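Thanks for sharing this one with me. Here are my notes, point by point, for you to read alongside the coordinates.

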Amino acid sequence: MTQPDLRMSPPAERGRALTILLDGQPLGCHEGESIAAALLAAGRRSTRVTARAGEPRGYFCGMGVCHDCLVTADGLPNVRACMTPVKEGLRVEIQRGLGEWGVQS
Amino acid sequence: MRSAACVVVGGGPAGLAAARTAARHGVRVVLVDENAELGGQYYRQLPAAFSGGAGAHPVKEQAEGRRLMDEVRALGVEVMAGAVAWGIFDQRTVAVATQDETTRIAADTVVLAPGAYDRPVPFPGWTLPGVLTAGGAQNLMKAYRVLPGRRVLVVGSGPLLLVVAHYLLQGGAQVVSLCEASSLRGLWRYAHRLLPHLDFVQQGRRYRRELAGAGVPVLTGHVILRATGATEVTGATIARCDDDWRPIPGSEQTLEADALIVGYGLVSSLELSRLAGCEHRWEAALGGWAPVRNRDMESTVPGVFIVGDGAGVAGSAVALEEGHLAGLSVAHRLGRLTGRDYSGEANRARGRLLHLQGFRRVMDEIFRFGAGIYSLADEQTTLCRCEEVTVGEALLALREGATHVNEVKAWTRVGMGRCQGRLCGPALAHVVAHETGRPVTESGVFTPRPPAKPVTMAALAREIE
């Protein structure tokens with residue numbers, strides 16, 4: 001299955017390839033990318049589902065203001081995907097509602 | 001608690017320029033910025049891990065920003081990056097937090113350069129994933145080199161839309177259409193005022209030619225009506241609008257797109273200037289509040305200077321000059337620059353600023369903000385994205401007797417979420433004005449409260465002396 005890749009420049013110009021886990025599934029990305037950039041490059045627009053209406057939300061302001069691109073990262077809820085860099089093995093979960101504290105490994 | 005001669009908040013063009021000038025005159029400066037790397041939005045760099053890292057600058061302003069950052073560091077400015085200024089106490093004590101710890105800095109002088117963010121404009125579908133702001137789209141493409149979509153619709157007003165469309169075309173995306181709300185009629189009337197600023201005008205023309213070459217329809221006097229899609233955006237409806245940016249019924253047009261970029265201008269970040277107790281006034285041309293300043297860039301709170309887009313949106317060229325002027329004022333106030341040395345340099349800076357402001361005023365008139373854009377939302381439209389409060393719920397509170405944004409907040413939770421009212425405040429003020437029949441300046445503003453950005457309990461529990 002081919003993944004959509006919205007990266008503008010060739011991978012060679014990016015940081016070294018690494019893998020994060022998105023809801024348990026491996027997702028290839030590059031060192032230096034934010035979680036939001038990595039998800040958007042793969043065509044994954046939703047980062048969370050809201051608490052009240054259960055609506056999908058994603059990257060909006062892109063500069064840490066709107067707090068809409070929240071994810072749970074390594075068990076820590078309410079992490080701004082646009083402000084947080086990826087790292088090898090980072091466990092990213094699409095946040096449901098207000099989020100829950102995960103078990104720190 | 002520690003002390004400092006000068007704390008500069010914000011590492012974009014304005015803050016960097018202020019830090020550089022103050023440091024050049026021997027002032028010990030602490031520069032605080034929330035991002036891991038300095039630069040703000042305009043100078044936003046490629047991630048250091050990208051090949052060539054700090055040395056690779058595909059965009060002109062990234063190279064310019066890098067030089068300025070290097071200069072600031074070489075001058076011995078203490079840079080606190082990845083640290084958020086979350087409060088100002090006793091006028092000039094700045095509270096700063098990282099992920100793990102907090103510190104308070106009692107400063108003799110404070111320069112606020114917090115910048116601006118995209119004016120939030122609610123319309124049906126604006127919360128759908130794939131709808132993003134012009135600033136967010138620019139960051140994604142400029143810093144991370146990632147496209148927001150393949151078939152992208154760009155709506156809003158102002159020169160930033162042209163820049164965004166340029167990045168999209170460079171990246172190989174299709175720009176479905178560019179909808180500029182202003183009519184851009186009678187531009188010839190501005191010709192004589194634009195003559196001294198031909199470089200800016202020519203840059204704009206280059207962008208327009210690129211769009212024309214790519215066959216992108218540029219629709220002036222058009223606004224977004226709604227974004228559509230089940231779980232993410234798949235299309236949008238646009239319409240013609242009047243001079244107040246109010247859509248004209250019967251002129252709707254539906255377009256397919258996999259991303260929608262929205263940019264109806266920018267609004268200043270005023271949280272810190274409000275927490276410091278500075279006076280603000282309504283700037284009709286900008287369609288927003290801005291701090292009151294004297295000719296030295298000083299706010300109504302002595303020793304607190306405010307520069308750049310955070311003091312009324314005017315762009316990077318003005319930001320650089322204002323920052324420089326504030327740096328001179330700081331050095332003057334601290335006795336590092338006196339007499340003619342100060343007045344000469346300050347007057348030259350004011351002269352350049354006056355020249356640049358001439359261009360900004362023309363831009364403000366051409367792209368004059370139209371409050372009719374706030375009529376796009378219907379009662380089901382989300383007003384407060386954090387707390388999921390609809391326009392209808394806010395209207396209900398107003399019909400039950402609320403008359404001020406803070407009353408609507410208390411009744412509905414609008415503005416109580418993590419963005420702390422930044423995304424709903426401007427629109428709510430217009431909803432209140434419309435419903436009460438009073439001017440928008442009478443709607444009030446949310447009472448600012450620290451922390452201005454969310455801070456972890458761990459950080460608050462660990463204060464560094």
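1. A word on terms before we start: two strands are taken as paired if DSSP finds at least two bridges between them. Please also keep in mind throughout that this is a predicted model.

2. Let's begin with strand β13 of chain B, residues 235–240. Strand β12 (residues 222–228) of chain B runs antiparallel to β13(B), and six bridges join the two. In this pairing, B:A227 is found opposite B:A236. The hairpin of β12(B) and β13(B) has six residues between the strands, and B:G229 there adopts a positive phi near 150 degrees.

3. β13(B) has another antiparallel partner, strand β14 (residues 253–256) of chain B, with four bridges between them. B:A236 comes up again here, standing opposite B:L255 in β14(B). Is β13(B) enclosed or open to its surroundings? Five of its six residues are buried, so the strand is largely enclosed by the rest of the structure.

4. Next, the cysteines. How many disulfides are there over all chains? The count comes to zero. A:C29 is in none, as the nearest cysteine sulfur, in A:C69, is 15 Å away. A:C29 counts as buried, at 2% relative accessibility.

5. A:C61 deserves its own look. Its sulfur lies 3.8 Å from that of A:C66, the closest cysteine sulfur, and with a cut-off of 2.5 Å for a disulfide this is too far for a bond. A:C61 is buried as well, with a relative accessible area of 6%.

6. On to the rings: a search of the whole structure gives eight aromatic pairs over all chains. One of them joins B:W86 and B:F89, with ring centres 5.9 Å apart and planes at 75 degrees, so this pair is edge-to-face. B:W86 is buried at 12% relative accessible area, whereas B:F89 is partly exposed at 30%.

7. B:F369 and B:Y374 also make an edge-to-face pair, 6.0 Å from centre to centre and with 65 degrees between the planes. Both residues of this pair, B:F369 and B:Y374, are buried. They belong to one aromatic cluster together with B:W245 and B:Y264.

8. Finally, two charges over rings are worth viewing on screen. The charged end of B:R385 sits over the ring of A:F60, 3.7 Å from the ring centre, so you will need both chains displayed. Within chain B, the charged end of B:K409 sits over the ring of B:F446, 5.2 Å from its centre.

Methods
Residues are numbered from 1 along each chain as its sequence is written. Chains are lettered from A and ligands numbered from 1 in the order in which they are written. This is a predicted model: local features need pLDDT of at least 70, side-chain atom pairs count only at pLDDT 80 or more; totals for chains, interfaces and linings use all residues. Side-chain values use heavy atoms; hydrogens and water are left out. Buried means under 20% relative accessible area, exposed over 50%, partly exposed in between (1.4 Å probe, protein chains only). Rings of Phe, Tyr and Trp (its six-membered ring) pair if their centres lie within 6.5 Å; planes under 30 degrees apart count as stacked, over 60 as edge-to-face and the rest as tilted. A charge sits over a ring if NZ of Lys or CZ of Arg is within 6 Å of the ring centre and within 35 degrees of the ring normal.
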